[in-house]
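Please open the model in your viewer and keep the selection panel at hand. The stops below are meant to be followed in order.

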Amino acid sequence: MMNIIYWKAMALFMTGHALSWFQLNSHMVFDWWKGKEVLSAVIFSFPVMFLYILATKEIVKETGLLWSSKLIGFGVSNVVFAFFTWTIMKEGMLNPKTLIC
């Protein structure tokens, strides 16, 4: 059974992955961010790194295993990426171009 520490770590991972998505994709979505990739890196890098460190620390403290944090972070990242890419970029996962790759 998952306790509160797992939920806390997943929330930290989700927030970190959401910020990371915006860091990497804002220049393609929002006109204001075009040409400001370095500014995006400066603004988002520290919060993303800090959230990942906190999430990893919580998972390792609970399980004693670093691999657990990797697998949970990977799973959460796929959900966050799919959600933002679908809702903001209007790109579905199940289109012919994606299925061919």
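**From a lysine to the helix pair**

Begin by selecting lysine 8, which counts as partly exposed because its relative accessibility is 45%; bear in mind throughout that this is a predicted model.

From there, add glutamate 58 to the selection: lysine 8 forms a salt bridge with glutamate 58, and the closest N and O atoms are 3.6 Å apart. Since lysine 8 belongs to helix H1 and glutamate 58 to helix H2, the pair ties together parts that are 50 residues apart in sequence. Glutamate 58 itself is buried, with a relative accessible area of 9%.

Next select lysine 61, whose side chain meets that of glutamate 58 in a salt bridge (3.7 Å, N to O). Both residues lie in helix H2, three residues apart, or about one turn of the helix. Through shared partners, salt bridges join Lys8, Glu58 and Lys61 into one network.

Now display the two helices in full, H1 as residues 4-29 and H2 as residues 37-63. They pack at an angle of about 160 degrees, with their axes 8 Å apart, and are therefore roughly antiparallel to each other, while their crossing is left-handed.

Move then to aspartate 31 and lysine 34, which form a salt bridge with the closest N and O atoms 3.7 Å apart. Aspartate 31 is exposed at 63% relative accessible area, whereas lysine 34 is partly exposed at 44%.

Finish by selecting Trp32, Val38, Leu39, Val42 and Ile43, which form a nonpolar surface patch with about 520 Å² of accessible area together. Isoleucine 43, found in helix H2, is partly exposed, with a relative accessible area of 43%.

Key. Residues numbered from 1 in each chain as written. Predicted model: local features only at pLDDT ≥ 70, side-chain atom pairs only at ≥ 80, totals over all residues. Heavy atoms only, no water. Patch = residues over 30% accessible without salt bridge, like charges linked within 9 Å, V, L, I, M, F, W, Y side chains within 5 Å. Areas by Shrake-Rupley, 256 points an atom, 1.4 Å probe, with all protein chains shown as cover. Salt bridge = Lys/Arg side-chain N within 4 Å of Asp/Glu carboxyl O. Helix = DSSP H or I, 4+ residues; strand = E, 2+ residues; numbered from the N terminus. Buried < 20%, exposed > 50% of the residue type's maximum accessible area, 1.4 Å probe, protein only. Axes fitted to C-alpha atoms, helices over the stretch in contact; angles between N-to-C directions. Parallel < 35°, antiparallel > 145°, perpendicular 65-115°, else oblique. Left-handed = near helix turned anticlockwise from the far one by under 90°.
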